[in-house]
Amino acid sequence: MKSWVVLIVILGFLLGSCTIMAGDVSHWPASLIAVLAIVAMKLANDRAKVLAWPMEFLLAAAVTMIVINLTRLYFLPLPV
């Protein structure tokens, strides 16, 4: 149970940071996909113990969030 509270704190930190950097909540479509991927990573990591909890997992979660948001930005049209 304690590890899920830590996961919620990690997700809050990542989503809050994205909101601050974007200046609004326009990142939410991609961030929702990233959150679902991170939760799936947590479930898989609980079984396989591939990443050390919480520091290595935090790094993997941050990279996942960045890659998914950059992928979304790549497909957005440039402002005119």
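Which residues in helix 1 meet which residues in helix 3? Leu7, Ile10, Leu14, Leu15 and Cys18 in helix 1 meet Phe57, Leu58, Ala61, Ala62, Met65 and Asn69 in helix 3. Contact means heavy atoms within 4.5 Å. The model is predicted: local features need pLDDT of at least 70, side-chain atom pairs count only at pLDDT 80 or more, and totals for chains, interfaces and linings use all residues. Residues are numbered from 1 along each chain as its sequence is written, and side-chain values use heavy atoms, leaving out hydrogens and water.

**Helix 1 against helix 3**
- By class, this contact has 10 nonpolar, one polar and no charged residues. (Ala, Val, Leu, Ile, Met, Phe, Trp, Tyr, Cys and Pro count as nonpolar, Asp, Glu, Lys and Arg as charged, the others, Gly among them, as polar.)

**Nonpolar core**
- The largest nonpolar core (buried Ala, Val, Leu, Ile, Met, Phe, Trp, Tyr and Cys residues joined through side-chain atoms within 4.5 Å) has 14 residues.
- Helix 1 gives the largest share of this core, six residues. Helices are DSSP runs of H or I, at least four residues, numbered from the N terminus.
- Leu14, Ile38, Phe57, Ala61 and Met65 have the most contacts inside the core.
- Beyond residues up to four places away in sequence, methionine 65 touches Leu14, Leu15, Cys18, Ser31, Ala34 and Ile38.

**Histidine 27**
- Histidine 27 sits in the loop between helix 1 (2-22) and helix 2 (28-48).
- Histidine 27 counts as buried because its relative accessibility is 5%; buried means under 20% relative accessible area (1.4 Å probe, protein chains only).
- Not counting residues up to four places away in sequence, histidine 27 touches Leu15, Cys18, Thr19, Ala22, Asn69 and Arg72.

Conventions
Helices (H or I, at least four residues) and strands (E, at least two) are DSSP runs, numbered from the N terminus. Buried means under 20% relative accessible area, exposed over 50%, partly exposed in between (1.4 Å probe, protein chains only).
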